[in-house]
Amino acid sequence: MIMQLTLTFIILAVTIILFTTNRLRADLVAVMALLSFVILNILTPAEALAGFSNSVVIMIAGLFVIGAGILRTGLAGMAGNLLLKWSGDNELRLFVLLLVIVAIVGAFMSNTGTVALMLPIVVSIAISIKVSPSKFLMPLSYIASMSGLMTLIASPTNLIASQTLVDHGFEKLGFFTITPIGIIATITVIIYLVLVRNVLLPNEENRSQSSAGYKLSPKKIAKEYDLHDKLFRVVVSEHSTILEQKLADLKLPATYHIYIMKIKRGAAQEGINLRPMTYQELAGPTSVIHVGDELYVQGLADDVARFAHDFALTVQPFEDHAKELVTKKIGVAEVLLTPQSRLIKETVSKIGFREKYNLNILGINRKGDYLLKDMADQKLRFGDAILVQGTWDEIELLSRETQDVVVVGQPRELAGAIAANGKAPIAGIIMLLMIGFMVFEVFDAVIAVLIGAVLMIITGCLRNMDDAYSKMNFESIVLVAAMLPMATALEKTGGMTILAEGIINVLGDFGPYGVLMGIYLLTVVFGQFVSNTATAVLFSPIAITAALAMDANPYTFMIGVATAASMAFATPIASPTNSLVLTAGGYKFMDFVKVGVPLQVIMFIIMMIAVPLLFPF
């Protein structure tokens, strides 16, 4: 047993060192520690892998999906729009409103997601009022960390503390149990940041940088490729001579120099009622023309008019070119030819792009010249950018084709945003429903989260399961799952008791208050170099063991650990949110030390008053 105890502490020490050096990813370090416990026979495989079935881990995964739905539908973005509307050009008002809104949004989604959402908004607003974004981004990260104390689900540390209580036979934390602490902490941090923002926060405009990335929006496409006067809507009547013919037989590109992009059909003509009243499909060689079809045609006005005249069709005006280019199922993308592409020096008509990739070519960008006419005879060159249209699934499939072409931008992101457009109210209802289930304990918290996650997908707030999985931070999920057995190993070998007794022996003369202070300080110090999640996993069992040994209120100690683990202020590696703003704000390591250390001292004093006052020993 002594040997196993010694090995456990060695693994713990090595894990801490690897965490602090940051040379290996945190999740890899955690998995290495987990494997060490199994290889050294400290834990059985079942014990080591138990974390992956833990309800906290499942809940964290579900919350990533919830946060993605809130983000994708634009519900969270509305907060940013209100921020700009209310603040005007008043810097102080902008600063305070920013922090308040981040605290509110962060109460219901991960702090990392909150910062990722607000960062580009804050940078653009700061630049618009001619203030360095570096004055806003560090406070953004700090308040996002504090927002984790607003509700039970806002931070994994709260969930871990709650689960530790349940594991020791106590009632779990309520949804709003920790909220009073969160409000006190948030107000304290806001006041501190307002007072020091012109003293300690860096204010050098050249230190900030932003990379919004390339986004090929429908409006940008229409403008760049000059499609405004080259897109037409042609209606097929019962008198049209094109009825029941395949597009391949019509040879429209060769005869009229036009291209059918998509077809909007009516359900009645199909003789079934299983589809919506109207639906759209991508036009292809085998597409057959029916009565009532609306053909979306690309070409010159004279060529389209000649086509319509020859087949007794009616040309109708386009109300919104950009809107018709992209729908929930059909989208566009720009692709570049690679140097080794087999498509180079081949004509569009010979490469069989439609047959091979199930995508239509709408135009070619050749060094700033946009070729839209006679594309079938154009030989492709290296450096050409090709505008293609098809279903989002086919575009995503093309993005995995690395030999011939590279897809520009992020078609999956654009597809998800288009699919979720207008569904912000639905996402809001789902979020409120989930919160209601938790507050009134209709279901266990993990079930409530999973219900919300599933509803986000089946209501279209997220496009599909792939979209949901892509938004999960698996590094955080694996980290938590792999670190949970660390507590099992410490408890199984008696290490937990030794640590708790050590703290009690050193600080026990000061009573529960002294022990709480010691655990709080150790958690804070540890948390400046290791993720708050890993910190909570390690210190929660130690804190509750110490509380039980002193016959003190375990809730006081668990709230203390959850609070201390959220105080990630003094280093850029203390929290993922700090890492996010480090580059965007052009910060240096010492910037976090200058601003964070005084704040840590202030928060220690405030929390050591607030926690025992609200949760007496």
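This is a guided tour of a predicted model, stop by stop, with something to select at each one.

Before you start, note that residues are numbered from 1 along each chain as its sequence is written. Because the model is predicted, local features need pLDDT of at least 70 and side-chain atom pairs count only at pLDDT 80 or more, while totals for chains, interfaces and linings use all residues; side-chain values use heavy atoms, with hydrogens and water left out.

**Stop 1: helix α9**

Select residues 156-167, which make up helix α9. Helices here (H or I, at least four residues) and strands (E, at least two) are DSSP runs, numbered from the N terminus. The expected span of a helix is 1.5 Å times one less than its number of residues. For the 12 residues of α9 that gives 16 Å, and the end C-alpha atoms are indeed 16 Å apart, so the two agree.

How many of the 12 residues of α9 are buried? Nine are, so the helix is mostly covered; buried means under 20% relative accessible area, exposed over 50%, and partly exposed in between (1.4 Å probe, protein chains only). The buried residues are Thr157, Asn158, Leu159, Ile160, Ala161, Ser162, Gln163, Thr164 and Leu165. Now add α4 (55-72), α26 (532-549) and α27 to your selection, as the cover over those residues includes these helices. Just after α9, look at glycine 169, which takes a positive phi of about 90°.

**Stop 2: helices α27 and α29**

Keep α27 (residues 554-565) on screen and bring up α29 (residues 589-614). The two pack at an angle of about 145°, with their axes 9 Å apart. Axes are lines fitted to C-alpha atoms, for helices over the stretch in contact, and angles run from 0 to 180 degrees between N-to-C directions.

Which residues of α27 meet α29? They are Thr556, Ile559, Gly560 and Thr563, and their partners in α29 are Met607, Val611 and Pro612. Contact means heavy atoms within 4.5 Å. By type, the residues of this contact divide into four nonpolar, three polar and no charged. In that scheme Ala, Val, Leu, Ile, Met, Phe, Trp, Tyr, Cys and Pro count as nonpolar, Asp, Glu, Lys and Arg as charged, and the others, Gly among them, as polar.

**Stop 3: salt bridges among the strands**

Side chains of opposite charge can pair when their charged atoms come close. The structure holds six salt bridges, each a side-chain nitrogen of Lys or Arg within 4 Å of a carboxyl oxygen of Asp or Glu.

Select arginine 265 and glutamate 281, whose closest N and O atoms are 3.1 Å apart in a salt bridge. This pair links distant parts of the chain: arginine 265 is in strand β2 (residues 259-266) and glutamate 281 in strand β3 (residues 278-282), 16 residues apart. Then add aspartate 293, which forms a salt bridge with arginine 265 at 2.6 Å between the closest N and O atoms. Aspartate 293 lies in the loop between β3 and β4, so this pair ties together parts that are 28 residues apart in sequence. Salt bridges that share partners thus join Arg265, Glu281 and Asp293 into one network.

Colour the three by accessibility. Arginine 265 is buried, with a relative accessible area of 4%, and aspartate 293 is buried at 0%. Glutamate 281, at 25%, counts as partly exposed.

Next, pick arginine 233 and glutamate 294, whose side chains meet in a salt bridge (3.3 Å, N to O). Arginine 233 sits in strand β1 (residues 231-235) and glutamate 294 in strand β4 (residues 294-298), 61 residues apart. Are these two residues buried or exposed? Both arginine 233 and glutamate 294 are buried.

**Stop 4: two positive phi angles**

Move to glutamate 244, in the loop between β1 and α12 (247-250). Its phi is positive, about 60°, although it is not a glycine. Glutamate 244 counts as exposed, at 52% relative accessibility.

Alanine 312 is in the loop between α14 (301-310) and β5 (314-316). Phi of alanine 312 is near 55°, a positive value in a residue other than glycine. With a relative accessible area of 38%, alanine 312 is partly exposed.

**Stop 5: two buried residues**

Select asparagine 365 in strand β7 (residues 360-366). Asparagine 365 is buried, with a relative accessible area of 13%. Leaving aside neighbours within four places in sequence, asparagine 365 is in contact with Tyr225, Glu334, Tyr370, Gly383, Asp384 and Ala385.

Finish at cysteine 461, in the loop between α21 (445-458) and α22 (465-470). Cysteine 461 is buried, with a relative accessible area of 0%. Its C-alpha atom is separated by 7.6 Å from that of isoleucine 426, 35 residues apart along the chain.
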